[in-house]
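Biologist: Please take one loop of this model and look at it closely. Then work outward to the rest of the chain, and keep it brisk.

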Amino acid sequence: MPKVPLRAALAVLLTLAAFNAPATTAYASDDEPVHVAVNARAGLATVPETGIGTNHAIWDTNLGTNETADLLKDAGVKLLRYPGGSYSDIYHWETHTAPGGYVAPDTDFDTFMNGVRRTGAQAMVTANYGTGTAQEAAGWVRYANITKRYGIKYWEIGNEIYGNGHYGAEWEADDHPDKSPHEYARNVVAYADAMKAVDPTIKIGAVLTTPANWPDAIVAEGDSGSWNQVVLSTAGSKIDFVILHWYPGALDRAGHISDMIQLTREQIATYAGPGSERIGIAMTEFNTGSSSNGTNTQPGALAAADSYATLLANGVFTVDWWNVHNGIGEVTEVAGHTDYGDFGLLSSASCTSDGSVCEPPLNTPFAPYYALQMVGKFARPGDRFIRAATDRPEVAAHAVRRPNGDLAVLLINTSEDTSYPVELDYTGFAPAAGAPTVLTHTNGATSITSGSTGTPTAQTLPPLSMTTVILRPADPQAGRPGSPGQPKLTAVTGTTATLTWPAAKPGTHKIAKYEVVRQHGAVTEQLGETSGTTITVRNLKPGTRYTVNVLARDTGGAQSWPSAPLTFTTGTPADSSCSVKLTVQSDWSSGYVGSLDITNHGAPLDGWTLSFTWPRAWQSLDSGWSAVWTEDGREVRAVNEAANPTLDTGATATIGFVGNYSGPNVLPTVFTLNGTTCTTVP
């Protein structure tokens with residue numbers, strides 16, 4: 001089976017130790033229950049219609065079969081991407097050719113669209129940037145949406161164009177003499193203009209690099225900034241969404257997602273210009289990317305379910321698995337089952353080159369197929385994610401509130417040999433009595449089972465399992481007020497933030513007040529309340545990221561569901577006896593050189609110490625200069641060198657360091673000089 005080679009970057013991704021266990025393992029039970037907290041007052045993103053997606057590829061003979069489409073429909077797939085990864089930049093839709101690549105029979109665009117319709121999904125099309133033209137792309141839009149009336153909404157401009165050799169590695173076809181991000185962005189503008197001239201209702205997506213993934217943050221010779229900075233600054237006014245790809249290469253990376261998406265949003269807000277809040281984020285290729293840890297066995301499926309739920313909860317509008325069929329790779333034994341090293345959802349029935357090992361029959365679902373199916377059953381379009389957390393790293397939890405008031409909780413047990421009892425605790429929701437509906441998928445299972453078991457507050461999780469608990473409310477609270485509208489930040493300082501929001505629609509009673517709450521994991525802390533729709537919250541911590549919701553309470557005491565979330569970061573003191581400017585002089589996607597300018601605005605100092613804290617556990621100090629540097633956990637100190645202890649009023653000391661990171665690089669923003677919090681200069 002021809003297949004797209006795995007990205008060159010995968011060779012440097014981190015991996016965990018393999019999950020190896022014989023099928024006869026006797027699973028232990030941990031008697032100490034895992035505590036799961038679910039907070040219906042802490043709202044996250046709404047589940048989008050296009051959330052569960054996957055990739056089709058024109059080299060897949062089975063792309064257009066009814067059996068494939070029906071299996072994808074049963075998995076809850078709502079978006080299908082075409083024509084397939086790097087093939088997008090050599091594919092010419094009108095002739096159905098891909099010079100230099102293999103095109104399977106019955107994989108043309110109309111055949112793909114027949115499958116899309118049978119699946120009940122939307123399509124996302126990647127226009128050929130590498131070897132195509134804006135006119136060719138506009139012709140595709142005309143054929144798809146004017147001639148055939150397919151109504152395709154989402155159109156990408158190219159695939160992983162940063163892999164065109166501009167940064168050294170070259171896997172993506174790009175015939176443009178200029179391989180720079182500026183040239184790509186200039187052409188994105190031309191493509192968008194030509195394509196929207198045919199159908200102004202379409203949405204155009206531009207390729208970005210994913211935070212902390214190569215070549216993110218690298219500034220190549222001759223460029224005015226990183227890929228993302230240049231593309232967003234040049235093409236931001238013309239695009240409707242940005243495109244990320246993520247192959248984490250390990251099974252414990254869901255904790256990186258919140259920062260990954262937040263950093264992307266901050267880049268969009270900084271560089272894309274006015275109205276940039278309209279720009280969505282699509283993860284159009286995702287796979288756990290870890291053949292040694294279970295690409296198509298249960299550990300990989302659990303990581304997939306955790307990542308899908310986390311990405312969607314953070315507002316990504318589609319997550320698209322790579323891919324439907326892929327083909328056999330490195331064969332290993334993982335968690336008691338054969339892992340074929342296949343990045344597909346469904347078996348392609350391929351064999352190793354020597355014929356010694358063959359996959360199961362064609363279209364046999366692999367474990368990640370059930371992960372997508374479980375996420376689709378757990379989080380349905382229109383549901384809103386709410387905060388959930390556990391007190392054990394082996395168990396992950398996600399939760400959604402449904403429009404009818406029901407709650408669903410997804411519980412993921414990653415332990416290979418331990419069955420965990422869990423105790424569920426709810427804030428802002430009271431479950432009805434009786435056994436809830438429980439959906440379960442266990443290691444090696446060929447379907448998701450459904451039954452009524454346990455209680456709303458007590459369940460038991462088998463090893464290597466996904467479990468969804470569906471709960472009905474004890475009191476539906478008919479007549480409660482509607483949710484307040486999306487809050488906006490109108491002003492922020494180091495210790496205060498002013499928010500405003502559209503009023504909630506009253507229910508049975510009048511609105512009495514609004515409550516603003518901060519999310520601390522699955523715990524909420526009230527920051528203030530008001531009878532109006534504007535508030536200034538105080539006593540905030542400088543340089544801290546806050547995610548808040550607004551809730552309405554009526555004169556009868558009923559409380560609304562939370563508003564959509566608002567995330568913002570406080571600043572540092574506007575007036576201080578010191579200021580610090582951090583400049584990133586160079587970055588190589590896993591480390592950077594930072595320069596710190598420290599200015600003393602107060603009395604002369606005879607001896608000084610600059611201190612800061614790494615925002616994330618995956619950051620560390622490699623080395624430093626022009627000061628005596630020490631690190632204790634996440635705390636970093638730079639003390640003046642003995643030969644240069646003084647810092648006069650108005651004087652500036654410049655020191656530097658090398659910082660390492662293995663996840664999204666959230667820069668430190670709060671610095672203290674001899675214990676005084678300094679003004680951080682942008």
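Modeller: This is a predicted model. Ser415 sits in the loop between strand 15 (407–413) and strand 16 (418–427). Is Ser415 buried or exposed? Its relative accessibility is 9%, and the limit for buried is under 20%, so Ser415 counts as buried. Its side chain makes a polar contact with the side chain of Asp417, at 3.4 Å. Leaving out residues up to four places away in sequence, Ser415 touches Glu394, Tyr420, Pro463 and Leu464. The C-alpha atoms of Ser415 and Leu461 are 9.8 Å apart, with their positions 46 residues apart along the chain.

Leu464, one of those partners of Ser415, deserves its own look. Leu464 lies in the loop between strand 19 (458–461) and strand 20 (465–471). Its phi is positive, about 45°, although Leu464 is not a glycine. Most residues other than glycine have a negative phi, and most peptide bonds are trans. Leu464 is buried, with a relative accessible area of 1%.

Arg149 also has a positive phi without being a glycine, near 55°. Arg149 lies in the loop between helix 3 and strand 6 (154–157). At 68% relative accessibility, over the 50% limit, Arg149 counts as exposed.

Next, the cis peptide bonds. One joins Tyr82 and Pro83, with omega about 15°. Pro83 lies in the loop between strand 4 (79–82) and helix 2. Another runs from Trp214 to Pro215, with omega near 0°. Pro215 is in the loop between strand 7 (203–207) and helix 5.

Now the rings. The model holds 39 aromatic pairs. Phe109 and Trp140 make one of them, edge-to-face, with centres 5.5 Å apart and 85° between the planes. Phe109 belongs to helix 2 (residues 109–119) and Trp140 to helix 3 (residues 134–147), so this pair ties together parts 31 residues apart in sequence. Phe109 counts as buried at 3% relative accessibility. Trp140 is buried too, with a relative accessible area of 2%.

Tyr184 and Trp227 form a stacked pair, 5.4 Å centre to centre and 25° between the planes. Which parts does this pair tie together? Tyr184 lies in helix 4 (residues 181–198) and Trp227 in helix 5, so the linked parts are 43 residues apart in sequence. Both Tyr184 and Trp227 are buried.

Ring pairs also build a cluster, linking Tyr82, Tyr91, Trp93, Phe109, Phe112, Trp140, Tyr143, Tyr150 and Trp155. Tyr82, from the cis bond to Pro83, is thus met again in this cluster. Elsewhere a charge meets a ring: the charged end of Arg480 sits over the ring of Trp561, 4.2 Å from its centre.

In soluble globular proteins, nonpolar side chains tend to be buried together. Here the largest nonpolar core has 120 residues. Phe109, Trp155, Tyr184, Met195 and Phe385 have the most contacts inside this core. Helix 8 gives the largest share, nine residues. Apart from this core lies another, of 26 residues, among them Leu605, Trp618, Trp629 and Val636. Beyond four places in sequence, Tyr184 is in contact with Tyr129, Ile157, Ile161, Gly205, Ala206, Val207, Trp227 and Val231.

Helix 6 shows how one element packs. Why does its span fit? At 1.5 Å a residue, the 15 residues of helix 6 (residues 257–271) should span 21 Å, and the end C-alpha atoms are 21 Å apart, which agrees. Buried in helix 6 are Ile257, Asp259, Met260, Ile261, Gln262, Leu263, Thr264, Gln267 and Ile268. The buried residues pack against helix 5 (227–235), strand 8 (241–246), strand 9 (280–286), helix 8 (298–313), strand 26 (545–554) and strand 27 (566–569). Just after helix 6, Gly273 takes a positive phi of about 90°.

Last stop: Thr54, in strand 3 (residues 52–55). Thr54 is buried, at 0% relative accessible area. Residues up to four places away aside, Thr54 touches Leu72, Val77, Leu79, Leu80, Arg81, Asp320, Trp321, Asn323, Val324 and Leu345.

Key
Residues are numbered from 1 along each chain as its sequence is written. This is a predicted model: local features need pLDDT of at least 70, side-chain atom pairs count only at pLDDT 80 or more; totals for chains, interfaces and linings use all residues. Side-chain values use heavy atoms; hydrogens and water are left out. Helices (H or I, at least four residues) and strands (E, at least two) are DSSP runs, numbered from the N terminus. The expected span of a helix is 1.5 Å times one less than its number of residues. Buried means under 20% relative accessible area, exposed over 50%, partly exposed in between (1.4 Å probe, protein chains only). Contact means heavy atoms within 4.5 Å. Rings of Phe, Tyr and Trp (its six-membered ring) pair if their centres lie within 6.5 Å; planes under 30 degrees apart count as stacked, over 60 as edge-to-face and the rest as tilted. A charge sits over a ring if NZ of Lys or CZ of Arg is within 6 Å of the ring centre and within 35 degrees of the ring normal. A polar contact is a pair of N or O atoms within 3.5 Å; within protein, one must be able to donate a hydrogen and the other to accept it, and residues adjacent in sequence count only if both atoms are side-chain atoms. A nonpolar core is a set of buried Ala, Val, Leu, Ile, Met, Phe, Trp, Tyr and Cys residues joined through side-chain atoms within 4.5 Å.
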